[in-house]
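These entries record what I looked up, beginning with pockets and ending with backbone geometry.

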Amino acid sequence: MDRVDRRTFIGASGAAVGLSAAAFGDSPDHTGTDTSWMPENTRSSLEKNVADLVARTPLMDTHEHLPPEKDRVADADNPDADHAPDFSIFFTHYAGSDLQVAGMPEEDYRRLMSRKLSPGEKWRLVKPWYDRCRNTGYLLCARESLRALHGETDLRDDNIEQISERVKQDIRPGFYRRVLRDIAGIEHAQVNCLKSGTFRESEPASDLLSFDLSTVSLASSVSMKTLERCAGGPVHTLQDAHAAIDRAFERFGPRAIAMKDQSAYNRRLLYEEVSDADAAPLFERFARNQQSLSPTEREALQNNLFRRCLRRAEDYRLPVKLHTGYYAGHKHMPLERVRHNFTDLCRIIAEFPGVNFVLMHIGYPYQHELTALCKHYPNVYADMCWAWIIDPVSGAHFMKTFLTAAPACKLLSFGGDYLYVELVPGHARIARQGITRAITELVLSGWLAESDVPELVERVMRGNAHELFDLDRVLRNASGA
Ligand SMILES: [Zn+2]
């Protein structure tokens, strides 16, 4: 163990900051540099140094669900669009689950999101429930986003009108770049757009955003419509379905940053080998009548199709991102299935050594097993996307234990995992706080040399994502598209 040498760290951290700032281009100084979350009385000089370094290092964001910015801009003035552009934006998405689990009636939550009530009426509706769950990571994220975007520490009777005005005014062309780069200190974000089907074709990848190729409707929740769209004609046989999958990868693979699948919401992740001979009659029956397969038969067919996708992902060198662990939403998580995610995945991890598997959300609450997988298999990576706000303290604890057990190159430290870009800055602030805590505590407990801190921070916040995902290839192919 190296002796803690403050001068070494300060000297080294200066160099790392210079490198990161250069990589960030000529963007204005982002508010990631704000370390006001740190209570004054707990700031040690070490923690302050780590916080400054973490604040100045841009984050590579490996997972968001952002819809196209132009849709958000168009929706802002559309009375029929979902979700009003007012202060309730801070209670969308994940916060809505905590509010309802805390007792807010579903109908009242719908009214909160609607355009039918004034900000004052909405505030009266949500306040009692907000008070009951304001302690969670989701609601902390709402406040941290509010602080980053509007300089306010909380929502109050006397500021909701004004904040609502500002939320609406801010939704204009270019606001994604402003929010992600300038406010959240994010260098680049990878997007899995839930509205775009297999791949977002409405805009090319850019220095700010790239897109995942989703295999949900090609394999794990196979849809005849998607297969036929990808095939460009009718699909009757397993051979036709395989050709449709191959065609989807041919078209989108060169432009995609990764393959993404969230079948863990619908089934176990035990993708056993099912031969083409066994799968072919199942597919033909499915093509004639999609309701005709038993659950076991459906899963067997999915296994065959998913393995086809894995082979194509390997051909196109796409890392494979899989949802693991906790379920978004509320009232529907079968924990028995979730707890098998990692043991189930060992099968394909071992059988596809040429595929890099990115296991998302740290498989919460079974994150300990993920550290073991990342330590054991060269082709497994842990992605902390979403994890910082599900359970911030466990997020920091996971990072600490991971960094003393598995190679540091296996850890991706951030993904906002939001539909609404306005909530990403808060998540980035909480992640930076957690990273700072984890690194500081490792140094203080003697598990990490202070002189290793700058390189480690650079690696987990951005370097690993640059190493694993081929953004240069995506940008080259985007400009030629
Ligand atoms: Zn997600």
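Entry 1, pockets. For this search I took a pocket to be an open set of grid points with protein on both sides within 12 Å along at least five of seven lines, and lining residues to be those with an atom within 4 Å of a point. I note at the outset that the model is predicted.

I first asked which residues lie nearest the centre of the largest pocket. They are His93, Tyr94, Ala328, Gly329 and Leu419, out of 20 lining residues. I recorded about 430 Å³ of space in this pocket. Sorted by class, its lining comprises 10 polar, 8 nonpolar and 2 charged residues. I then checked the domains: domain 1 (86-170) and domain 2 (175-480) each supply at least three residues to the lining.

I turned next to the second largest pocket, for which I noted about 300 Å³ of space. Its lining has 17 residues, and Pro67, Arg72, Asp75, Lys195 and Tyr420 lie nearest the centre. The class count here is 9 nonpolar, 6 charged and 2 polar residues.

Entry 2, helix α6. I looked up its extent: α6 covers residues 119-133, 15 residues in total. From first C-alpha to last it reaches 20 Å, close to the 21 Å expected at 1.5 Å a residue. Where does the kink in α6 lie? I found it at Val126, shortly before the proline Pro128, with an angle of about 40°. Val126 is also on the list of buried residues of α6, together with Pro119, Gly120, Lys122, Trp123, Leu125, Tyr130 and Cys133.

Entry 3, backbone geometry. I searched for a cis peptide bond and noted the one from Tyr364 to Pro365, with omega near 5°. Pro365 sits in the loop between β6 (357-360) and α17 (367-376).

I also looked up positive phi values outside glycine. His83 has phi of about 55° and is placed in the loop between α3 (69-76) and α4 (94-101). Is His83 buried, partly exposed or exposed? Its relative accessible area is 26%, so I entered His83 as partly exposed. Arg317 likewise has a positive phi, near 55°, and lies in the loop between α14 (295-315) and β5 (320-323). I entered Arg317 as exposed because its relative accessible area is 71%, and the cut-off for exposed is over 50%.

Entry 4, Arg476. I located this residue in helix α22 (residues 471-480). At 54% relative accessibility, Arg476 is exposed. I then looked up its separation from Pro254: the two are 222 residues apart in sequence and 9.3 Å apart in space, C-alpha to C-alpha.

Terms used. Residues are numbered from 1 along each chain as its sequence is written. This is a predicted model: local features need pLDDT of at least 70, side-chain atom pairs count only at pLDDT 80 or more; totals for chains, interfaces and linings use all residues. Side-chain values use heavy atoms; hydrogens and water are left out. On a 1 Å grid over the protein atoms alone, a cavity is a set of points where a 1.4 Å probe fits but cannot get out, and a pocket is an open set with protein on both sides within 12 Å along at least five of seven lines; lining residues have an atom within 4 Å of a point. Grid points are joined across faces, edges and corners, and a volume is the space filled by probe spheres set on the points. Ala, Val, Leu, Ile, Met, Phe, Trp, Tyr, Cys and Pro count as nonpolar, Asp, Glu, Lys and Arg as charged, and the others, Gly among them, as polar. Domain bounds come from an automatic or database domain assignment. The expected span of a helix is 1.5 Å times one less than its number of residues. The bend at a residue is the angle between axes fitted to the seven residues ending there and the seven starting there. Buried means under 20% relative accessible area, exposed over 50%, partly exposed in between (1.4 Å probe, protein chains only).
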